[in-house]
Amino acid sequence: MDATDRAILREIQGDARLSFNQIARRVNLSAPSVAARIRRLEDAGIVEGYHARINPAAVGLPLTAFLQLHCHVGRCLLKTSAAEKFPEIVEIHRLTGRSCTLVKVRTASMAHLSSLLERIGEHADADSHIVLDTPLEQHTLDVSPAPAPTRHPGWNP
């Protein structure tokens, strides 16, 4: 990736609906060059997709919670169940430490969350953390080049 690729990534992170022409004007390239670069970024797996951001509260899912799971032996949620059984789960993260999994859920109410916790209870003990406010979500990635690693004096790889 060069500086132009990084500039394109910044633009599409800010607004994935920009046309190739709009991006081209912002990064000083032709639209066909922008299209070719974006295709290369997609083919390389750097750009994974384009998504619409939906307001969960506006579609009836105002409650967000994070659940730290400690799975029961042989009953791990990730190994013994299908995602379709838990449509409330919007993110799953495998962890190190005392909990094996962290899931982010969206529910319609406390009663809905309670019901979800009961269903998950077949697979794991869960510590729930209800979100009061989200001051930052979906932050864009800094696509600047990583700084060169510093070498430890006396260390010679």
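1. Let's start with the walls of the largest pocket. Its lining residues divide into 19 nonpolar, ten polar and eight charged. Keep in mind while you look around that this is a predicted model.

2. How many residues line that pocket in total? The lining is made up of 37 residues. If you want to find the middle of the pocket on screen, look for His 51, Ala 52, Arg 53, Gln 138 and His 139, which lie nearest its centre. The volume of this largest pocket comes to about 1300 Å³.

3. Next, which elements give two or more residues to the lining? They are α1 (3-14), β1, β2 and β3. Helix α1 provides the largest share, with four residues. So try colouring α1 when you view the pocket, since that is where the largest share of the lining comes from.

4. His 51 is worth a second look, as one of the residues nearest the pocket centre. Its C-alpha atom is separated by 7.9 Å from that of Ala 16, although the two residues are 35 apart along the chain. Ala 16 itself has its place in the loop between α1 and α2. Is Ala 16 buried, partly exposed or exposed? Its relative accessibility is 37%, so Ala 16 counts as partly exposed, because the label covers values between 20% and 50%.

5. Now for the sheet. Four strands form an open sheet in the order β2-β3-β1-β4, and the pairing is antiparallel. Which strands stand at the edges? They are β2 (89-94) and β4 (124-130), and each has a single partner strand, so one side of each is left without a neighbour in the sheet. Going from one strand to the next, the twist averages 20 degrees.

6. Zoom in on one pair of strands: β1 (residues 63-71) and β4 run antiparallel and are joined by seven bridges. To see a bridge for yourself, pick Leu 67 and look across to β4, where its partner is Ser 128. There is a helix to find here too: α5 (residues 110-120) packs on the sheet and touches β1, β3 (101-107) and β4. The direction of α5 makes about 15 degrees with that of β1.

7. Last, a backbone oddity. Asn 28 is not a glycine, yet it has a positive phi of about 60 degrees. You'll find Asn 28 in the loop between α2 (20-27) and α3 (31-43). Is Asn 28 buried or exposed? With a relative accessible area of 71%, Asn 28 is exposed, because that label applies to values over 50%.

How values were computed. Residues are numbered from 1 along each chain as its sequence is written. This is a predicted model: local features need pLDDT of at least 70, side-chain atom pairs count only at pLDDT 80 or more; totals for chains, interfaces and linings use all residues. Side-chain values use heavy atoms; hydrogens and water are left out. Buried means under 20% relative accessible area, exposed over 50%, partly exposed in between (1.4 Å probe, protein chains only). Two strands pair if DSSP finds at least two bridges between them. Axes are lines fitted to C-alpha atoms, for helices over the stretch in contact, and angles run from 0 to 180 degrees between N-to-C directions. Contact means heavy atoms within 4.5 Å. On a 1 Å grid over the protein atoms alone, a cavity is a set of points where a 1.4 Å probe fits but cannot get out, and a pocket is an open set with protein on both sides within 12 Å along at least five of seven lines; lining residues have an atom within 4 Å of a point. Grid points are joined across faces, edges and corners, and a volume is the space filled by probe spheres set on the points. Ala, Val, Leu, Ile, Met, Phe, Trp, Tyr, Cys and Pro count as nonpolar, Asp, Glu, Lys and Arg as charged, and the others, Gly among them, as polar.
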